[in-house]
Amino acid sequence: MNHSENTGRNSDQDIDQNIDQDTVLRARTMLLGSGRLGLPQEVEAYRVLAKVSPAAYLPKLVRALVSYGYEVGHRRGPERRLPLHAEAADAARRIGAGHPRRTGALRDALEAYEHALFELGRRAEGRAVCEELAEAGRAAFERGEVAHPAYGSGRLAVALAEEGRHGEAADLRMRGAGAETGVSFWSAVERAAELEAAGRHEEAVAVFTGP
């Protein structure tokens, strides 16, 4: 799933001047109030402010939407949280590529979104979001934003394995081989298990014994 990256560098002056300033003022007042806002009110305020100051408020909108989606899902089921997590994913994609919080926000939003899709049985869509997350992690690694080349690819590996595509899952898990500063025993077990399931027995043994 390919999505173009918005630069996210819009200033307040770059945004649609038709945004109602009373609405903006009301949103700011809500956030500055002395009382603690509930998640629905936070989401409402951040939706407005993300339009006028995306760099500052899109990451906050993502966080609020993800949290609110889980809250709604706990009470009403995954079909009710799906739209909120879809909105979180869209908001995260709009965060500028150079923003220091983009990678983490995108990971959190896409993970929440794909979980909801899988829970509703929408596997093809869920796998596509997993693919997007894995690609975002690879790109973040190439830009030096994360330390591991397999960042964000774990859920895609699981989805592929569940479909019997063990060779692809193994290759994906092997993407991080040699990158850890202290190899996790369980990550090694996961790699070996996928290699074994794919019929690549010698490679599975080599995970623990070395070349």
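Trainee: Leaving aside neighbours within four places in sequence, which residues is V62 in contact with?

Mentor: Good place to start, and remember that this is a predicted model. Set aside the neighbours of V62 within four places in sequence, and look at what remains in contact. Those residues are A88, A91, A92, I95, A105 and A109.

Trainee: Which residues touch the most other members of the largest nonpolar core?

Mentor: That core holds 39 residues. V62, which we have just met, is one of the residues to look for. The full answer is L61, V62 and A109.

Trainee: Which element gives the most residues to this core?

Mentor: Let's begin with the elements that give two or more residues: α1 (21-32), α2 (39-52), α3 (54-76), α4 (78-93), α5 and α6 (123-142). One of them contributes nine residues, the most of any. That element is α3.

Trainee: How many residues are in the other core that lies apart from it?

Mentor: Among the members of this other core are C130, L156, A159 and L160. That is part of the list, as the full count is ten.

Trainee: Are α4 and α5 roughly parallel or roughly antiparallel?

Mentor: Two packed helices are described by the angle between their axes and the distance between the axes. Here the axes are 8 Å apart and the angle is about 150°. Angles over 145 degrees count as roughly antiparallel. Therefore α4 and α5 are roughly antiparallel.

Trainee: Is the crossing of α4 and α5 left-handed or right-handed?

Mentor: To find the place in the structure, look for the contact, which includes A88 and A92 of α4 and A105 and A109 of α5. As α4 passes α5 there, the crossing is left-handed.

Trainee: Which residues of α9 make the contact with α8?

Mentor: The axes of α8 (residues 166-174) and α9 come within 8 Å and cross at roughly 150°, so α8 is roughly antiparallel to α9. On the α8 side, the contact is made by H166, A169, A170, R173 and M174. On the α9 side, the residues are E190, R191, E194, L195 and A197.

Trainee: In which helix is confidence highest?

Mentor: Start with the whole protein chain, where the pLDDT averages 86 and 85% of the residues score at least 70. Over residues 1-15, however, the pLDDT is below 50. Among the helices, confidence is lowest in α9 (residues 185-197), at a mean of 84. At 97, the highest is in helix α5 (residues 102-119).

Methods:
Residues numbered from 1 in each chain as written. Predicted model: local features only at pLDDT ≥ 70, side-chain atom pairs only at ≥ 80, totals over all residues. Heavy atoms only, no water. pLDDT = per-residue confidence, 0-100. Helix = DSSP H or I, 4+ residues; strand = E, 2+ residues; numbered from the N terminus. Contact = heavy atoms within 4.5 Å. Core = buried A, V, L, I, M, F, W, Y, C linked by side-chain atoms within 4.5 Å. Buried < 20%, exposed > 50% of the residue type's maximum accessible area, 1.4 Å probe, protein only. Axes fitted to C-alpha atoms, helices over the stretch in contact; angles between N-to-C directions. Parallel < 35°, antiparallel > 145°, perpendicular 65-115°, else oblique. Left-handed = near helix turned anticlockwise from the far one by under 90°.
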